[in-house]
Number of protein chains: 4
Amino acid sequence: MFFRIDPSDDLAIYDQVVRQVKFAVAGEVVRVGELVPSVRELARELTINPNTVARAYRQLQADGVLEPIRGTGLAVAAGAHEQCRTERVTLIRARLRQVLFEARQSRLDSGQLRSLIESELAHVEREEV
Amino acid sequence: MFFRIDPSDDLAIYDQVVRQVKFAVAGEVVRVGELVPSVRELARELTINPNTVARAYRQLQADGVLEPIRGTGLAVAAGAHEQCRTERVTLIRARLRQVLFEARQSRLDSGQLRSLIESELAHVEREEV
Amino acid sequence: MFFRIDPSDDLAIYDQVVRQVKFAVAGEVVRVGELVPSVRELARELTINPNTVARAYRQLQADGVLEPIRGTGLAVAAGAHEQCRTERVTLIRARLRQVLFEARQSRLDSGQLRSLIESELAHVEREEV
Amino acid sequence: MFFRIDPSDDLAIYDQVVRQVKFAVAGEVVRVGELVPSVRELARELTINPNTVARAYRQLQADGVLEPIRGTGLAVAAGAHEQCRTERVTLIRARLRQVLFEARQSRLDSGQLRSLIESELAHVEREEV
DNA sequence: GTGGTCTAGACCACC
DNA sequence: GTGGTCTAGACCACG
């Protein structure tokens with residue numbers, strides 16, 4: 001896993017975990033049927049409380065993304081890949097709208113906005129390689 | 001004012017108000033020296049609790065964006081315009097990075113991402129007119 | 001409220017609370033729009049941990065039975081009455097099937113079973129008055 | 001054996017096994033002195049973990065229902081039949097009370113409750129043939 | 001006052 | 001080892 005938790009983010013930690021697991025499933029970083037990291041392991045890795053991870057995993061079960069294999073762990077549920085791919089666009093679009101709304105509200109110049117987007121896109125793509 | 005409060009947003013309401021006031025100042029929707037709406041008035045307008053508005057205004061005073069005028073109300077502080085213009089880019093860039101990070105993390109295809117951005121930009125610009 | 005929590009029950013405490021709230025809504029002991037007892041109050045009343053009540057209430061929100069009123073409390077959601085009335089039959093039927101299955105599996109005589117049911121029904125109805 | 005294990009049941013799997021063995025003894029589906037299926041065999045049959053069966057059998061020995069026959073297996077203990085017949089009523093009555101309590105708590109109408117019971121009884125009896 | 005989140009640590013059931 | 005539940009207690013956002 002390659003999760004990144006930001007405690008100063010407005011989003012609750014458990015929710016950050018939920019989103020990132022969904023994104024990982026959407027991107028097939030974890031495949032259907034595979035086990036996700038154990039509660040304790042992920043908690044150790046992210047240096048957060050196991051209860052917080054457990055809460056995120058519970059949510060993911062409720063959302064049909066994970067399913068329990070008793071005594072073994074949690075696996076990515078059948079159909080979760082498609083579901084998460086769809087949800088991914090929804091989630092990202094929502095955030096995008098928020099950014100653009102704020103840009104517009106602050107009367108950020110259209111050209112400035114586009115160049116900001118381009119520079120950040122370039123920044124991300126540079127990391128990507 | 002033309003604020004938009006979303007109670008279901010993860011962001012705290014008072015924080016939404018803070019951001020939007022800063023954006024309004026950055027965009028010169030309210031100018032330096034002008035009074036912002038009173039706590040009660042804004043609360044009524046947004047149908048949120050006056051305490052919440054008061055809290056946001058307190059924050060904005062701490063951030064140097066607003067300054068009290070005895071017996072009159074709160075005015076946009078000198079220098080707030082430049083400050084907010086700078087901060088605006090920082091805030092928007094931060095959100096933008098978050099979106100792009102999630103897009104990348106979910107392995108959203110570059111082309112898909114760009115077309116998503118374009119469609120949302122178009123959407124915003126359509127509203128803008 | 002008149003909840004009864006049995007820590008020795010196989011059912012998790014938070015789940016007992018969930019069921020009983022649903023039953024209370026189904027039976028209109030609490031009506032749509034009314035506030036349910038606060039987390040802390042119900043926790044005190046049942047002498048369980050507030051977190052446990054909070055968890056049950058979170059579940060009930062997810063199930064659409066309760067809805068938050070910010071800073072005020074949790075209210076029975078619109079439509080929850082009908083939903084809970086329907087769900088009530090499902091929940092009770094499931095339990096009933098389990099009992100009858102076990103009765104049959106242990107080859108309990110049909111007559112004995114019926115008289116057992118009758119005696120318990122009478123027992124309950126006696127209390128009811 | 002004709003056990004039915006429901007992993008999604010709230011009841012622990014080992015406990016389902018315990019109950020069902022007791023019911024089988026009560027109903028003389030297995031008679032005193034007879035051997036119950038080996039741990040591995042029953043585990044295979046129910047597609048559950050052998051440890052779980054072993055645990056159930058351990059419990060049943062502690063409860064005096066089964067007794068080990070060195071080098072042979074586990075047999076239904078002397079007196080287990082009567083014991084289980086008695087226990088059966090206790091177990092079933094407990095569940096019955098729970099159902100009726102919930103029915104009453106949700107203010108399910110007496111007539112509706114009775115007709116629900118009748119329909120489920122009919123359902124069970126139909127299967128029985 | 002309200003609910004929500006998080007941490008810390010214990011115990012249980014299951015594999 | 002796994003996840004699930006529960007307790008205890010702290011802090012935050014909101015009204």
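## Helix packing and chain symmetry

The crossing of α1(A) and α3(A) is right-handed. That comes from a predicted model, so let's walk through how this pair sits together, then look at another helix pair and at how the chains relate.In chain A, helix α1 covers residues 13-26 and helix α3 covers residues 50-62. Their axes come within 8 Å and cross at roughly 50°, which makes α1(A) oblique to α3(A), because angles from 35 to 65 degrees fall outside the parallel and perpendicular ranges.

Which residues of α1(A) and α3(A) make the contact? On the α1(A) side they are I13(A), Y14(A), V17(A), V18(A), V21(A) and K22(A). From α3(A) come T52(A), R55(A), A56(A), Y57(A), Q59(A) and L60(A). By class, that contact has eight nonpolar, two polar and two charged residues.

Chain B offers another pairing, between helix α1 (residues 13-26) and helix α4 (residues 80-105). Here the axes are 8 Å apart and the angle is about 125°, which makes α1(B) oblique to α4(B). This crossing is left-handed. On the α1(B) side, R19(B), K22(B), F23(B), V25(B) and A26(B) take part. They meet A80(B), H81(B), C84(B), R85(B), E87(B), R88(B), L91(B) and R95(B) of α4(B). The residues of this contact split into six nonpolar, one polar and six charged.

Here are the two pairs side by side:

| Helix pair | Crossing angle | Axis distance |
|---|---|---|
| α1(A) and α3(A) | roughly 50° | within 8 Å |
| α1(B) and α4(B) | about 125° | 8 Å |

Over in chain D, helix α4 (residues 80-105) has 26 residues. At 1.5 Å a residue it should span 38 Å, and its end C-alpha atoms are 37 Å apart, which agrees. Just after α4(D), R107(D) takes a positive phi of about 55°.

Back to chain A as a whole: its secondary structure comes to five helices and two strands, in the order α-α-α-β-β-α-α along the sequence. The C-alpha trace of chain A spans about 55 × 30 × 30 Å along its principal axes.

What rotation superposes chain A on chain B? A turn of 179° does it, with 0.0 Å of shift along the axis and an RMSD of 0.3 Å. That is the relation of a two-fold axis. Both copies use the same surface, with 98% of the contact residues of chain A recurring in chain B. Of the residues of chain A, D10(A) comes closest to the rotation axis, with its C-alpha at 3.1 Å.

Notes
Residues are numbered from 1 along each chain as its sequence is written. Chains are lettered from A and ligands numbered from 1 in the order in which they are written. This is a predicted model: local features need pLDDT of at least 70, side-chain atom pairs count only at pLDDT 80 or more; totals for chains, interfaces and linings use all residues. Side-chain values use heavy atoms; hydrogens and water are left out. Axes are lines fitted to C-alpha atoms, for helices over the stretch in contact, and angles run from 0 to 180 degrees between N-to-C directions. Helices (H or I, at least four residues) and strands (E, at least two) are DSSP runs, numbered from the N terminus. Angles under 35 degrees count as roughly parallel, over 145 as roughly antiparallel, 65 to 115 as roughly perpendicular and the rest as oblique. A crossing is left-handed if the near helix is turned anticlockwise from the far one by less than a right angle, and right-handed if clockwise. Contact means heavy atoms within 4.5 Å. Ala, Val, Leu, Ile, Met, Phe, Trp, Tyr, Cys and Pro count as nonpolar, Asp, Glu, Lys and Arg as charged, and the others, Gly among them, as polar. The expected span of a helix is 1.5 Å times one less than its number of residues. Copies are superposed by least squares on the C-alpha atoms of residues with pLDDT of at least 70 in both.
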